[in-house]
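Here is a short note for a colleague who has not yet looked at this structure. The points begin with one helix and then turn to the chain that holds it.

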Amino acid sequence: MDKLPLKISLLIAFVVVSLVAGLHFGPANFTSGQIFNCLMGACHDRVSEMVIWQVRVPRVLVALVAGMGLAIAGAILQNTTRNPLADPYLFGIVSGAGLGATIANLILSDELSIALPLAAFLGALFAITIVIVIAKVLQSIEQLLLAGVAVSFMLAAVTQFMLYFGEPFATNRVIFWLMGSLARVEINNFYIIASILFLAIFIITALHRQIDALLLGDESAASLGVNIDKLRLLMLGLCAALTATIVAYCGGIGFVGLMIPHIVRQLIGVTTLKLVLGSALIGGAFLIWVDIIARSALNDAEIPIGIITSALGSIFFLFIMVRSRHAR
């Protein structure tokens, strides 16, 4: 008996619970009744309306779509490169997007809101282009991850060099942003990220059979009529665009794309449609709870969510390595 519908229903319920929980946590205490009344347009005062509608609702919704996007990007990178350790963070995409966004933050005005995601996208595209060129020179798809790690360190070094000589106030702002935070997100950020996310899901759904064919190997996929290079470049560009948009508004959030697809494979399956659906649901809920921890763990401060995901991701990375060694 296929248990997939039951699993998906449980995951959807988990996402709904996570969204509700995300609205309850924060410096200001509200009862469930107060939050419900505000959502229905009947807030009991102006302060409650401002906190819930301008702070918590945008924050929870952005956490949802950001977690979905990073998890899906990781899943697609892993399937298209056939490397279970592939992740936007390790692939250099986050570092490239961070470099582009850093340049925009240090040079351009805050009013130029379109400049931030555009600069992040160009930086991510620059990073992924370098990785692909290196892989082409090496003539090995298996070397993509190692090339991504090298490019990631290189672009991170350039970013740090720029910050070292940057104006102190702008530098501090960028450093905090690079750690990853949802403290300053707005509802417009949700609309932009969600638009790119839905476009990515639409394209991936349309090409899911070709992506599944890549899991069989390049020769098998080519024999089935798949244009391997074109498909891989399209997926890499799509992941770069999705990750860059998220990084532009949320900063550097690492390892979500590494951890979540592995969990989904164990719970749901490895084919593209199952993997993308499961990654979206678990990834969105996961980042909501990470953000809850970030703003609730300390009384007088907020922990950047990138610190939490990196700590969890590094432990998960080591776990995968140990398990792979024992499986041999």
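**Notes on helix α8 and its chain**

1. On one side of α8, in what is a predicted model, the residues Phe198, Phe202 and Ala206 are exposed, and this side lies across from the buried one.

2. The buried residues of this helix are Asn189, Phe190, Ile193, Ala194, Leu197, Ala200 and Ile204. Because these residues cover an arc of only 130° around the axis, they fall on the same side of α8.

3. As for what the buried side meets, the buried residues of α8 pack against four partners, namely α3 (46–81), α9 (208–214), α11 (228–250) and α13 (272–296).

4. Helix α8 itself runs over residues 187–206, which makes 20 residues, and from its first C-alpha to its last it reaches 29 Å, close to the 28 Å expected at 1.5 Å a residue.

5. Turning to the chain, its secondary structure consists of 14 helices and zero strands. Its radius of gyration is 20 Å, close to the 20 Å that the globule rule gives for 328 residues, so the chain is as compact as a globular protein of that length. The C-alpha trace spans about 65 × 60 × 35 Å along the principal axes.

6. Of the 328 residues in the chain, 50% are buried, and among the contacts with a separation of 6 or more, 75% come from residues 24 or more positions apart.

7. The accessible surface of the chain is about 16,100 Å², and carbon and sulfur atoms account for 69% of that surface.

Definitions and conventions:
Residues numbered from 1 in each chain as written. Predicted model: local features only at pLDDT ≥ 70, side-chain atom pairs only at ≥ 80, totals over all residues. Heavy atoms only, no water. Helix = DSSP H or I, 4+ residues; strand = E, 2+ residues; numbered from the N terminus. Expected span 1.5 Å × (residues − 1). Buried < 20%, exposed > 50% of the residue type's maximum accessible area, 1.4 Å probe, protein only. Arc of directions from axis to C-beta. Contact = heavy atoms within 4.5 Å. Rg over C-alpha atoms; globule rule 2.2 N^0.38 Å. Areas by Shrake-Rupley, 256 points an atom, 1.4 Å probe, with all protein chains shown as cover.
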